[in-house]
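The following paragraphs lead the reader through a protein–ligand complex, beginning with the contacts of the ligand and ending with the confidence of the prediction.

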Amino acid sequence: EVVKASDGIDQVVLQNGRGASARVSLHGGQVLSWKTHWGEELLFTSSKAIFKPPVAVRGGIPICFPQFGSHGTLEQHGFASNKIWIIDDNPPLLPPNDSNGKAYVDLLLKPTENDLKFWPHSFEFRLRVSLNVDGHLTLISRIRNVDGKPFSFSIAFHTYFSISDISEVRIEGLETLHYLDNLLQKERFTDQGNTLTFESEVDQVYVNSPDIVAVFDHENKRTFFIKKQGLPDVVVWNPWDKKAKALVDFGDDEYKQMLCVDGAAIEKPITLRPGEEWTGRLEISVIPST
Ligand code: TA6
């Protein structure tokens, strides 16, 4: 169902018929809300979020494309989250097992003539956001090079999980992996093997991560599962107090109620030759945990 949002930009509301719902904005193709069938919001949105282009809403799942971070020629995290996507009424068929979502929407982003001045590559980014009968949220991305020459990109689904208390959260699945520490000029480290807990700012990219990562929110008694394909890296970010204060669209204490754990492809950017297509799949689910 398409609804008009306060910023005048359409949003698509997905409902799985059993009470779970999700809301996707055509601004950035950004998931802004994902609720359980018992009505609980699972994604964090800052109380100071700016719902107005060209700023990406601080929360939900902004898509960082065609660049993650600020090392390239584009603005931080690329432009995809600052563009208006369109609903694609006749997408090329996805394999049947990929459209098991009871409710889904197909979105499309293509560069305008103006965009090509900043990133001179013709691409088609097709995004299917689906909510299945169990309330799992799946984002399937297909990026095709419709250009005459190869191009490379990095990508991250910057997922702001809503949690109760960052000091009561741990991540499992990233133990012993190598990671690049964005706080130390992306220097490469090896995780020491115990589960990841949080006492200060964290900004790391775990590389070659397993396809399943679990985020235990002890206080809220729930566990998020992130299942991914084609996304070998995992970004883990919490700004903590100092960085939070420096962000205009982030409340000073809100770092305690969020954690970004992003399926991503960053360390080894993806290169597409003309006509080639990359597919990435991210499924997030939540179970009450004891
Ligand atoms: O690693 C995550 C990160 O790159 C952090 O450095 C921080 O900048 C975060 O993304 C949020 O970025 P944004 O541009 O949305 O403020």
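A polar contact is taken here as a pair of N or O atoms within 3.5 Å. In this predicted model, a polar side-chain atom of His 158 lies 3.1 Å from an oxygen atom of the ligand, which means that the pair falls within the 3.5 Å limit. His 77 also has a side-chain N or O atom at 3.0 Å from a ligand oxygen. For Arg 58, the corresponding distance from a side-chain N or O atom to an oxygen of the ligand is 2.9 Å. In isolation the ligand would expose 380 Å², of which the protein buries 78%.

Arg 58, His 77 and His 158 belong to a shell around the ligand that also includes Phe 68, Gln 76, Tyr 160, Asn 182, Asp 203, Val 235 and Trp 237. Sorted by class, this shell comprises four nonpolar, four polar and two charged residues. As for its location, the ligand occupies the largest pocket.

Apart from that pocket, the protein has enclosed space to consider. How many cavities of 30 Å³ or more are counted? The count is two. The second largest cavity holds about 30 Å³ of space. Its lining is formed by Asp 7, Ser 25, His 27, Gln 30, Leu 32, Phe 51 and Val 57. By class, the lining of this second largest cavity divides into three nonpolar, three polar and one charged residues.

The confidence values remain to be stated. The protein chain has an average pLDDT of 92, and 96% of the residues score at least 70. Where pLDDT is low, predicted coordinates should not be read in detail. For the complex, the predictor reports an ipTM of 0.95 and a pTM of 0.94.

Key:
Residues numbered from 1 in each chain as written. Predicted model: local features only at pLDDT ≥ 70, side-chain atom pairs only at ≥ 80, totals over all residues. Heavy atoms only, no water. Near = heavy atom within 4 Å. Polar contact = N/O pair within 3.5 Å; in protein donor to acceptor, adjacent residues only side chain to side chain. Areas by Shrake-Rupley, 256 points an atom, 1.4 Å probe, with all protein chains shown as cover. 1 Å grid on protein atoms, 1.4 Å probe; cavity = no way out; pocket = protein on both sides within 12 Å on 5 of 7 lines; lining within 4 Å. Sits in = over half its atoms within 2 Å of the grid points. Nonpolar A, V, L, I, M, F, W, Y, C, P; charged D, E, K, R; others polar. Points joined across faces, edges and corners; volume = space filled by probe spheres on them. pLDDT = per-residue confidence, 0-100.
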